Amino acid sequence: KTGNCTLAPSLLGVQNIPPTFSFSSFQARLWEINPDGSSNMLTSTRHDGPILSVAWREDGQAVFTAGADRIVKMWDLGKNTAATVAQHEEPVRCVEYVSEQAMNTPCIVTGSWDKSVRYWDVRAPSGQPMGVVPAPERVYAMASRGQMLVVGTAERKLIVYDMRKPTTPFLEKDSQLKHQTRCIATFPDSTGFAVGSVEGRVSIDYVLEADIKAEKYFAFKCHRDTKNSNVYAVNSIAFHEEYSTFATAGSDGGFCFWDKDSKSRLKEFNKVDQPITSCCFNYDGKIFAYAVSYDWSKGAFEHNPATKKPYILLHAVQDQEIKSRERSSRQGTRR
């Protein structure tokens, strides 16, 4: 089993609701996080295969779960019911929720190993997609924000869509990275995205022509043990909504905070005893959650469920850890 965690959205600006998140293997679980850091499992739902991706509806009242059983379910948290709203011919690797503001109708976007991206109306599920876009290869990673959707496939292909024209690629390119794409995360201002790969590297990419011409894009190495020449996959990337800095988490069991604008590492944290397979910030950036579990990077031989249990940890984020030092310095000068 591989763990995955995601924290609830801003819940329409209501800030006194305790943050919750889901954890997935064959089962998705909903947890409530108390002010003292303790947690209570509220409820759960299941798939007939491993759950590969989850996405919150923007009101925080439903979660979409995509699985290796080739379907996507909408889990109504109030009623505690789950209904199938999408399906593919192969496992569904990614699901993203798209708000009404982005596409004039709320929907989900799914990416599958059947080499397709599909759009689905979740208000009145019909079993038929609103649109189907062929992908150049199997979909391995996907991220959306506002009107931008970024899809990463096998063979290092990256496709960016403007969801006002959801079936026409806005930008197509090969990844800056030399090996398989593992994760994608979009900038808070939607001007670009970060890509992580199995080779222990991250690329910073831009979508606007002016930024591309200015050659603002770059890549850097991370999650490596240089002493023993070991290279680890970057499993997850998450951006801080206020500061536009970001976190990476990897198969080395470590996570780091980074500033793309100054091209610097802000802080490296102590490693845990297993890979970190997923990470995210909550809506106000005060909590950083990360899932710890085996990621199968060393095959079944290294998996020992008797001694290595999956778990989720929460880190209380301090401003000095995540805030750009350049921004802090400029603010201090103005004062």
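## Strand pairing and a pocket in a predicted model

In this predicted model, Phe239 stands opposite Phe246 of strand E24. The two strands concerned, E23 and E24 (residues 246–250), run antiparallel and are joined by five bridges.

Strands E23 and E24 belong to an open sheet of four strands, whose order is E23-E24-E25-E26 and whose pairing is antiparallel. Strand E23 (234–239) and strand E26 (264–268) each have a single partner strand and stand at the edges, so one side of each lacks a neighbour in the sheet. On average, neighbouring strands of this sheet are turned by 25 degrees against each other, with direction ignored. Strands of a sheet pair through backbone hydrogen bonds, in either a parallel or an antiparallel sense.

Another group of strands is arranged around E14. Strand E14 (residues 148–153) is mostly covered, as six of its six residues are buried. Met148, Val150 and Gly152 point one way from this strand, while Leu149, Val151 and Thr153 point the other way, and all are buried. Burial is here a relative accessible area under 20%.

Strand E14 pairs with strand E13 (residues 139–145) in the antiparallel sense over six bridges. Within this pairing, Arg145 stands opposite Met148 of E14. With strand E15 (residues 157–162), E14 pairs in the antiparallel sense over five bridges. Here Gly152 is the residue opposite Leu158 of E15.

Both pairings of E14 are hairpins, and their turns are set out below.

| Hairpin | Residues between the strands | Turn residue with positive phi |
|---|---|---|
| E13 and E14 | two residues | Gly146, about 60 degrees |
| E14 and E15 | three residues | Glu155, near 65 degrees |

Glycine thus has no monopoly on positive phi in these turns: Gly146 takes such a value in the hairpin of E13 and E14, and Glu155 does so in the hairpin of E14 and E15.

The remaining feature is a pocket. The second largest pocket holds about 280 Å³ of space. It is lined by 16 residues, of which Asp273, Gln274, Pro275, Tyr294 and Lys298 are the closest to its centre. By residue class, the lining of this second largest pocket divides into four nonpolar, six polar and six charged residues.

Conventions: Residues are numbered from 1 along each chain as its sequence is written. This is a predicted model: local features need pLDDT of at least 70, side-chain atom pairs count only at pLDDT 80 or more; totals for chains, interfaces and linings use all residues. Side-chain values use heavy atoms; hydrogens and water are left out. Buried means under 20% relative accessible area, exposed over 50%, partly exposed in between (1.4 Å probe, protein chains only). Two strands pair if DSSP finds at least two bridges between them. On a 1 Å grid over the protein atoms alone, a cavity is a set of points where a 1.4 Å probe fits but cannot get out, and a pocket is an open set with protein on both sides within 12 Å along at least five of seven lines; lining residues have an atom within 4 Å of a point. Grid points are joined across faces, edges and corners, and a volume is the space filled by probe spheres set on the points. Ala, Val, Leu, Ile, Met, Phe, Trp, Tyr, Cys and Pro count as nonpolar, Asp, Glu, Lys and Arg as charged, and the others, Gly among them, as polar. Axes are lines fitted to C-alpha atoms, for helices over the stretch in contact, and angles run from 0 to 180 degrees between N-to-C directions.
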